[in-house]
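User: Could you take me through the interface between the two chains? I would like a close look at that one part.

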Protein chains: 6
Amino acid sequence: MSKLSHVDESGAANMVDVGDKPVTQREARAAGTIRMAPETLDMILAGEHPKGDVLATARIAGIMAAKKTHELIPLCHSLNLSSVKVWLTPRADRDGIDIESRCRLSANTGVEMEALTAVSVAALTLYDMCKAVDRGMVIDNTRLLEKQGGRSGHWQSSEAQ
Amino acid sequence: MSKLSHVDESGAANMVDVGDKPVTQREARAAGTIRMAPETLDMILAGEHPKGDVLATARIAGIMAAKKTHELIPLCHSLNLSSVKVWLTPRADRDGIDIESRCRLSANTGVEMEALTAVSVAALTLYDMCKAVDRGMVIDNTRLLEKQGGRSGHWQSSEAQ
Amino acid sequence: MSKLSHVDESGAANMVDVGDKPVTQREARAAGTIRMAPETLDMILAGEHPKGDVLATARIAGIMAAKKTHELIPLCHSLNLSSVKVWLTPRADRDGIDIESRCRLSANTGVEMEALTAVSVAALTLYDMCKAVDRGMVIDNTRLLEKQGGRSGHWQSSEAQ
Amino acid sequence: MSKLSHVDESGAANMVDVGDKPVTQREARAAGTIRMAPETLDMILAGEHPKGDVLATARIAGIMAAKKTHELIPLCHSLNLSSVKVWLTPRADRDGIDIESRCRLSANTGVEMEALTAVSVAALTLYDMCKAVDRGMVIDNTRLLEKQGGRSGHWQSSEAQ
Amino acid sequence: MSKLSHVDESGAANMVDVGDKPVTQREARAAGTIRMAPETLDMILAGEHPKGDVLATARIAGIMAAKKTHELIPLCHSLNLSSVKVWLTPRADRDGIDIESRCRLSANTGVEMEALTAVSVAALTLYDMCKAVDRGMVIDNTRLLEKQGGRSGHWQSSEAQ
Amino acid sequence: MSKLSHVDESGAANMVDVGDKPVTQREARAAGTIRMAPETLDMILAGEHPKGDVLATARIAGIMAAKKTHELIPLCHSLNLSSVKVWLTPRADRDGIDIESRCRLSANTGVEMEALTAVSVAALTLYDMCKAVDRGMVIDNTRLLEKQGGRSGHWQSSEAQ
């Protein structure tokens with residue numbers, strides 16, 4: 001029967017030992033959305049600097065956070081990502097900004113948490129830069145889209161299939 | 001007219017100068033939810049150690065992340081929180097765990113980002129510890145509930161009013 | 001004749017170059033004890049939540065500290081541990097809590113410092129959580145129990161033999 | 001009746017709220033010892049560079065660690081120390097090096113953990129630099145010597161009285 | 001006679017005790033230049049995104065580094081900056097990019113190191129992003145321009161006077 | 001035609017994907033100089049502790065900073081250096097201290113930024129420790145001397161050839 005991998009028989013939380021896992025090419029994609037008032041989105045997109053520093057700052061924050069994942073999530077292994085990408089797509093039709101990330105690594109542990117952390121911190125950074133005009137923003141639907149590599153193989157969310 | 005506080009007239013992102021803001025008692029409360037399969041929630045709640053190390057680990061991760069907010073959010077000020085609290089409430093009726101945080105500080109800048117970061121990282125930690133059995137979990141509705149103190153005064157989300 | 005590996009011929013401290021060392025499976029075990037008043041130990045063990053959050057918090061702190069070892073010890077190499085385990089055993093007979101850790105890694109440098117750091121920080125965390133009732137606690141006997149792997153091979157402390 | 005300050009009525013670990021504590025001048029002194037083979041101590045003290053980079057590196061590591069205490073100890077408040085001092089005293093008569101620290105701060109929370117962390121990390125750093133010649137070193141007797149300031153006032157260990 | 005403030009009478013490096021210094025408004029401005037091949041500068045400035053993500057990334061890196069100064073410089077005090085600003089000015093006439101920073105704080109210790117660290121890390125970030133086309137770039141003339149506040153009062157570099 | 005590797009076709013800054021790069025032995029050497037008043041240099045060199053803690057502190061700061069490079073430079077990959085060396089050479093003839101570093105690693109990404117970061121932070125640390133007597137010090141000529149390994153092969157600055 002399946003069980004929580006990070007909790008041992010006595011109920012104590014510990015890191016999973018990945019020493020015996022195969023070193024393979026790993027990839028994970030995650031996504032999320034920050035919803036905001038239409039006026040807030042307009043403000044980000046307005047002016048002479050379309051998609052300027054606001055989006056650049058959030059993208060960089062997401063990339064840097066992926067590298068810090070093991071400092072934030074207590075039982076995550078530290079690892080040396082070979083690639084992190086973060087994309088931010090303003091969606092005027094949905095009053096929000098879609099955030100997507102993709103992390104890659106060749107190692108014996110997956111990179112799902114790194115991808116999810118990148119999305120979460122990019123969203124928090126957007127919140128920070130816009131909060132003076134809109135405190136009611138909501139970060140929604142942060143989820144894994146797809147992962148590849150490792151013993152558990154390929155996994156896709158239902159929406160990604 | 002209102003504008004984005006972290007972007008100057010040339011479009012460059014910079015920290016807001018809080019040197020002239022009043023030092024007052026600040027407080028912020030934030031919340032979010034991680035939704036999961038009913039079996040996943042059962043697994044967290046089952047056994048001899050109800051609400052054991054899984055929830056404790058997530059709560060501690062949230063508290064520690066609040067203290068790291070200024071390292072994650074590029075334009076956040078570093079500050080010395082006087083209090084961080086994180087509560088995790090399993091909700092069998094909604095197939096998920098509700099996360100709530102409250103941060104306090106006496107200073108010239110608010111603590112909304114610290115409260116939101118605590119919630120996000122607690123949720124990511126729950127995802128990490130349960131992902132081996134459920135990759136389809138979703139972190140939803142991360143939002144500010146309330147803030148007090150500072151020039152902008154008291155703010156409540158519509159649900160908190 | 002043997003000499004200090006981290007100090008060069010001019011007396012300057014520098015990192016050892018591990019580039020030529022063999023990549024092998026490494027393991028290290030360390031231990032220590034925090035001694036306290038009997039009443040303090042009772043308080044940790046008492047109530048409805050035996051071995052509850054106090055021990056969980058210390059265990060997580062130890063695990064996270066192992067991952068931070070290279071940030072704390074100036075000449076330690078950063079590395080990607082494949083496993084960290086921390087065990088805490090209250091010892092009513094000795095008025096204290098025994099702490100033991102085990103770190104694993106496949107690499108060209110050992111993990112003794114990671115194991116010792118995990119023990120030290122778990123002990124400090126216990127001190128922190130109990131200091132309001134007992135400032136006289138003492139952290140004692142922090143030591144390496146055993147190491148395996150690498151050029152110097154297997155080493156055991158006399159007590160572990 | 002006295003109780004553990006970091007654990008609430010439900011057994012959950014949380015930061016203590018120091019917002020209502022008085023801002024006073026705080027000071028804490030801690031100490032510990034690393035015991036080693038006489039040959040190891042000779043090696044540190046030998047040569048043209050008496051008390052050279054080995055002791056300097058450990059002292060600096062201890063100072064830097066004091067500033068990182070809140071990142072290591074989950075429920076410690078971050079704070080801005082006004083002073084950290086670390087002294088290392090080789091004791092040929094006891095086959096070891098005594099480590100002492102003193103931290104100061106004007107704030108609403110004490111600095112005991114900072115002083116203890118400085119001692120622990122200075123000791124670990126000495127272990128690291130000498131471990132190639134002596135794996136049997138032991139870090140002993142890490143303890144608080146004295147604290148001043150705050151609601152609980154002046155406290156001295158029995159040896160310091 | 002004047003002496004090095006961070007080295008005590010025995011030659012040991014230690015943090016300066018700032019507990020007795022006055023809390024005043026502090027400000028420091030620093031500057032530096034990264035010199036590069038004209039083609040490299042053209043490449044940064046070219047295309048549809050003038051002064052786009054390359055400069056934004058360096059500016060954010062400089063701001064974030066200012067907040068990390070006390071983790072980098074062993075004897076620097078940690079502090080809570082009220083403002084950090086970084087400006088990057090491409091100088092086609094000098095084949096380089098000028099970097100200037102300004103840090104502010106109300107406290108009992110100055111912010112010179114924070115301003116200098118912001119400049120250095122912004123310059124290193126520019127190097128990183130352009131190194132694939134130009135490894136011969138040089139970071140030059142990193143210096144303090146001006147400081148205000150504190151016991152030593154107002155100081156200006158000769159060029160700033 | 002050559003282009004900036006860290007900026008994609010849309011102008012967005014992202015990490016380069018190094019997953020397809022060859023794992024080879026990498027090395028980079030960098031250098032820089034801090035210029036100061038002759039009296040300041042005399043003060044560092046004077047007394048019973050020639051080349052004492054001031055230089056040791058700067059050297060250790062440089063080594064530790066090399067390990068932190070990926071936290072400072074947003075698009076740098078985290079990696080596990082096998083060696084960092086920092087040399088500080090007081091130059092009475094040039095009123096300054098020369099700083100040189102060398103980093104090594106077996107991986108699929110280079111270590112130029114680590115070498116440059118070590119030099120920059122060592123120089124900033126010297127500034128910090130001497131600033132009470134000399135605020136006019138200047139950090140000059142921070143540059144790469146040489147790199148080896150990887151697809152782009154061997155590169156030397158003109159001075160190193």
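**The interface of chains A and B**

Analyst: Happily! A good place to begin is a salt bridge in which the side chains of A:Arg135 and B:Glu112 meet, at 3.0 Å from N to O; the term stands for a side-chain nitrogen of Lys or Arg within 4 Å of a carboxyl oxygen of Asp or Glu. Between chain A and chain B there are four salt bridges. This is a predicted model, where local features need pLDDT of at least 70, side-chain atom pairs count only at pLDDT 80 or more, and totals for chains, interfaces and linings use all residues. Residues are numbered from 1 along each chain as its sequence is written, chains are lettered from A and ligands numbered from 1 in the order in which they are written, and side-chain values use heavy atoms, leaving out hydrogens and water.

Now the interface as a whole: 54 residues of chain A are in contact with 54 residues of chain B (heavy atoms within 4.5 Å). About 4500 Å² is buried between the chains, with 68% given by carbon and sulfur atoms; buried area is the accessible area (1.4 Å probe) that two parts lose on being put together, summed over both. In chain A, A:Arg135 joins A:Leu4 and A:Leu124 in losing the most area to chain B, together 15% of what that side buries.

Finally, the strands: S4(A) and strand S4 (residues 138-148) of chain B pair in the antiparallel sense over three bridges (pairing takes at least two DSSP bridges; strands are DSSP runs of E, at least two residues, numbered from the N terminus). There, A:Ile139 has B:Thr142 in S4(B) as its bridge partner.

Note on methods
Helix = DSSP H or I, 4+ residues; strand = E, 2+ residues; numbered from the N terminus.
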